[in-house]
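Here are a few notes to help you find your way around this structure. Keep the 3D view open as you read, and take the points in order.

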Amino acid sequence: MIKDKLQKGYLLISEPTIIGDISFNRSVILLADYNEEGSVGFIINKPLKYTIHDLIPEIDARFKIYNGGPVEQDNLYFIHNIPELIPNSIEISNGIYWGGDFESTKQLINKGEINNDNIRFFLGYTGWHEKQLESEMDSHSWIINSNRHKNKIIGKSATHFWKEQIKELGGDYLIWLNAPENPYLN
């Protein structure tokens, strides 16, 4: 049963059939929360053209900002692997944490105590209401995969991450590795 496989910390890989969906085409989502009321995740492979300094000038760093999803895109979210430095963090799984004290985080970044391998920032998130994600799974919009990278996923390059996940799945998915992102432009 799909519900048994859906867990916090797992990856949702968009099926190659999600063509034309700007937010989710070739997306990999880290599932940050999953319960009976709904689910929350962050698209981890869609960098934007902004840095954290562009959005918050008092932060002296050039960490990329990622499109976390279509919900609340005017809010900044972050995941990290340093709960010992960032108080009030919530564990997702595998040593990956969500949020925490943002003032402490800003200070640590400015002191150079946090780097790109420790933290990833997102504008917005991906959310599903009760049973919506299960319905999308039933319609083959997503593939569930465990996060074999654990907390190292934060520093992982986003450039070819979807293709890497498809290659890892193997089988019938391998045909999509070299297909253009938009086949209509081929």
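1. Start with the core. Please keep in mind that this is a predicted model. Its largest nonpolar core has 24 residues, and Phe42, Ile44 and Ile79 are those with the most contacts inside it. The elements giving two or more residues to this core are β1, β2, β3 (38–43), β6, β8 (96–98), β9 (119–129) and α5. There is also a second, separate core of 15 residues, with Phe63, Ile86, Ile109 and Phe121 among them. As general background, nonpolar side chains tend to be buried together in soluble globular proteins.

2. Next, pick out isoleucine 79. Leaving aside neighbours within four places in sequence, isoleucine 79 is in contact with Leu30, Phe42, Ile92, Ile96, Tyr97, Trp98, Asn118, Ile119, Arg120, Phe122 and Ile154.

3. Now move on to histidine 80, which is found in strand β6 (residues 71–80). Is histidine 80 buried or exposed? Histidine 80 counts as buried because its relative accessible area is 0%, and the cut-off for buried is under 20%. Its side chain reaches the backbone oxygen of glycine 99 at 2.9 Å. Not counting residues up to four places away in sequence, histidine 80 touches Ile86, Ser89, Gly95, Ile96, Tyr97, Gly99, Asn118, Ile119 and Ile154.

4. Helix α5 (residues 161–169) is a good next stop. Which of its residues are buried? They are Phe161, Trp162, Gln165 and Ile166. Seen down the axis of α5, these buried residues fall within an arc of 140°, so they line one face of the helix. The general pattern is that an α-helix has 3.6 residues a turn, so residues three or four places apart point the same way. What covers the buried residues of α5 includes β1, β2 and β10 (142–145). Just after the helix, glycine 170 has a positive phi of about 70°.

5. Finally, two backbone angles deserve a look. Most residues other than glycine have a negative phi. Arginine 26 is not a glycine, yet its phi is positive, at about 60°. Arginine 26 sits in the loop between β1 (11–14) and β2 (28–35), and is buried, with a relative accessible area of 12%. Asparagine 88 also has a positive phi, near 65°, and is found in the loop between β6 and β7 (90–93). At 64% relative accessibility, asparagine 88 counts as exposed.

Methods
Residues are numbered from 1 along each chain as its sequence is written. This is a predicted model: local features need pLDDT of at least 70, side-chain atom pairs count only at pLDDT 80 or more; totals for chains, interfaces and linings use all residues. Side-chain values use heavy atoms; hydrogens and water are left out. Helices (H or I, at least four residues) and strands (E, at least two) are DSSP runs, numbered from the N terminus. Buried means under 20% relative accessible area, exposed over 50%, partly exposed in between (1.4 Å probe, protein chains only). A polar contact is a pair of N or O atoms within 3.5 Å; within protein, one must be able to donate a hydrogen and the other to accept it, and residues adjacent in sequence count only if both atoms are side-chain atoms. Contact means heavy atoms within 4.5 Å. The arc is that of the directions from the helix axis to the C-beta atoms. A nonpolar core is a set of buried Ala, Val, Leu, Ile, Met, Phe, Trp, Tyr and Cys residues joined through side-chain atoms within 4.5 Å.
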